[in-house]
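The following exercises concern strand pairing, burial and enclosed space in a single protein chain. Each task is followed by a solution that goes step by step.

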Amino acid sequence: MTDQSIGILKVDGERIVDPTTGKSVILRGAGLGGWMNMENFITGYPGHENQHRAAMLKVLGREKYEYFFDRFLTYFFTDADAAFFASLGLNCLRIPFNYRHFEDDNNPRVLKEEGFKQLDRVVELCAKHGVYTILDLHAVPGGQNPDWHSDNNTNEAQFWVHKDHQDRVVWLWEHLAKHYAGNPWIAGYNPLNEPADPEHTRLTSFYDRIETSIRAIDPDHILWLDGNTFAADFHAFTKVLPNCVYSLHDYSSMGFPSGVRYTGSDDQKAQLERQYVRKAQWMMERKTAVWNGEFGPVYAQGEEKGVDASVINGERENLLGQQLKIYDKYQIAWCIWLYKDIGVQGMIYTPPTSTWITTLAPFLAKKKAIQADAWGYHPSAEVDALFNPLIDWLKKVAPAVEDKYPTTWNTSRHVSRILKQCLLSEALADEFAEYFRGMSEEQLDAMARSFSFEECTQREGLNRILREHASLRKA
């Protein structure tokens, strides 16, 4: 058991400190995506978590449904995971969770106490190994952004339109703050992941409100506040709230199949630093702490653009290493995305020989071929031949589509979101669930156990780089 005589972390200017010692604590770790906030590319289902769960419930029935997801959540992060995580020198696990674990849409403002079962378990496991946790509300009623990772079935962020959605999130955070107040291993609360408010000012007003509401119950814990437009835009922020750290997300297009390959040229290194500085400028000017809450490349699982996966992945590990040198230079806290998955991005992953992958292989291949997921997208001449004429036509007859918010998305991204990731993926939900029909509890357990630490493979190159930068190094 680790020493419990630590204080609740505080913000002191540009530093995060342990008030019992006055020493800086630089938090570095990873996000536990795909666990209490499931995502399609992380475990392989299509579309959105709520649709996936509904389809699984139809196929399995209530009893087996509850059994499977309890086993899945339990296997996904155990003491062995926490021990491994700490062995790399990492000291912070960001825990994304979906509001649906704590409240039902058809029974709002009635707390589901059982939601704390798994969350408490992982918080305690991390504390045992000296790892802080940041609680990240990744999906809220109505969706705080128009993308899959907020468990939003649409391409519109209705959270900003309906005050009742906002009221429910304030209510939930009040309960969470009451539950975790005084826990020194909680590094703080991340009230909204990647908000995307087209008007910009509704986000800052919400932050004013949520800060006041949480502080009334828990005056001590840090709030980690994401910038607007997927944690990249702070132009509408007008003040620094007390005991808050502002969060950017710093993905590079060079880490994805659709981007330019990373060669390590001086121009590319300069581009990476400019991108970070642009996002962090607001915090740097105000001399406040910075947290990079998400970043990291995806990894090839086979040939990509005719190049062997080992070559591509070596380039992306080099890209990651250069980003970490930049973060060392600016002495910031960070959490890479992602800890565990099926081989797209995780530090560890369930291998191709696992029960999960061998059972679902035909569906996973189909989903990849038709570009059903946004993350892990792979170019396809067949799909492009279908969609490119539509995209060109839209830009011709309605040029304003190019300016549709989020403006970081081009027309192709907007079309893909609506047609591929919403309409198409929703239609595939039952097909995925059918792979589980007739499974016994023993078979369901074997499927879930595929995500246990003991059955996963470590991505050695990635973990070596993380170990090297877990503690602050001279850039």
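A pocket is here an open set of grid points with protein on both sides within 12 Å along at least five of seven lines, and its lining residues have an atom within 4 Å of a point. The model is a predicted one.

**Exercise 1. Identify the helix that contributes the largest share of the lining of the second largest pocket, and describe that lining.**

Step 1. The second largest pocket holds about 820 Å³ of space.

Step 2. Its lining consists of 25 residues, and those nearest the centre are Arg53, Tyr65, Glu66, Arg100 and Lys112.

Step 3. At least two lining residues come from each of helix H2 (49–76) and helix H4 (116–128). The largest share is that of H2, with 11 residues.

Step 4. Sorted by class, the lining of this pocket comprises 13 charged, six polar and six nonpolar residues.

**Exercise 2. Determine which helix gives the most residues to the lining of the largest pocket, and how that lining divides by class.**

Step 1. The volume of the largest pocket is about 1,300 Å³. It is lined by 42 residues, with Phe256, Trp375, Thr408, Trp409 and Arg413 closest to the centre.

Step 2. Two or more lining residues are given by each of helix H7 (228–231), H8, helix H11 (381–397) and helix H12 (411–433).

Step 3. H12 gives the most, namely five residues.

Step 4. The division by class is 18 polar, 14 nonpolar and 10 charged residues.

**Exercise 3. State how many cavities of 30 Å³ or more are counted, and characterise the lining of the largest cavity.**

Step 1. A probe the size of a water molecule, rolled over the atoms, reveals where empty space remains.

Step 2. The count gives one cavity of 30 Å³ or more. The space in the largest cavity is about 60 Å³.

Step 3. Residues that line the largest cavity include Met254, Phe256, Pro257, Val260, Tyr262 and Ile312. Also among them are Arg261, Glu304, Lys305, Glu315 and Arg316, together with Gly259.

Step 4. By class, this lining has six nonpolar, five charged and one polar residue.

**Exercise 4. Explain why strand E6 (residues 132–139) is described as largely enclosed, and trace its pairing on to strands E5 and E7.**

Step 1. A residue counts as buried when its relative accessible area is under 20%. Because eight of the eight residues of E6 are buried, this strand is largely enclosed by the rest of the structure.

Step 2. Seven bridges link strand E5 (residues 92–98) to E6 in the parallel sense. One bridge partner pair is Asn98 with Ala139 in E6. A right-handed β-α-β unit is made by E5, H4 and E6.

Step 3. E6 also pairs in the parallel sense with strand E7 (residues 186–190), over four bridges. Asp136 is placed opposite Asn190 in E7. Another right-handed β-α-β unit consists of E6, H5 and E7.

Step 4. Within this second unit, His165 belongs to helix H5 (residues 163–180). His165 is buried because its relative accessible area, 17%, is under the 20% cut-off. Beyond its neighbours within four places in sequence, His165 has contacts with Pro141, Gly142, Gln158 and Phe159.

**Exercise 5. Trace the chain from strand E9 through E10 to strand E11, giving the pairing and the handedness of each crossover.**

Step 1. Strand E10 (residues 290–294) is mostly covered, with five of its five residues buried.

Step 2. Strand E9 (residues 244–249) pairs with E10 in the parallel sense over four bridges, and His249 has Glu294 as its bridge partner in E10. From E9 the chain passes through helix H8 (residues 266–286) to E10 in a right-handed β-α-β crossover.

Step 3. E10 pairs with strand E11 (residues 333–336) over two bridges, in the parallel sense. Here Asn292 lies opposite Trp334 in E11. The unit of E10, helix H9 (residues 309–329) and E11 is a right-handed β-α-β unit.

**Exercise 6. Establish the strand order of the open sheet that contains E13, and name its edge strands.**

Step 1. The sheet has three strands in the order E12-E13-E14, with mixed pairing. Strand E12 (340–341) and strand E14 (457–458) are the edge strands, each pairing on one side only.

Step 2. Strand E13 (residues 348–349) runs antiparallel to E14, and two bridges join them. Ile348 stands opposite Gln458 in E14.

Key: Residues numbered from 1 in each chain as written. Predicted model: local features only at pLDDT ≥ 70, side-chain atom pairs only at ≥ 80, totals over all residues. Heavy atoms only, no water. 1 Å grid on protein atoms, 1.4 Å probe; cavity = no way out; pocket = protein on both sides within 12 Å on 5 of 7 lines; lining within 4 Å. Points joined across faces, edges and corners; volume = space filled by probe spheres on them. Nonpolar A, V, L, I, M, F, W, Y, C, P; charged D, E, K, R; others polar. Buried < 20%, exposed > 50% of the residue type's maximum accessible area, 1.4 Å probe, protein only. Contact = heavy atoms within 4.5 Å. Pairing = 2+ DSSP bridges. Right-handed = clockwise from strand over helix to strand, strands pointing away.
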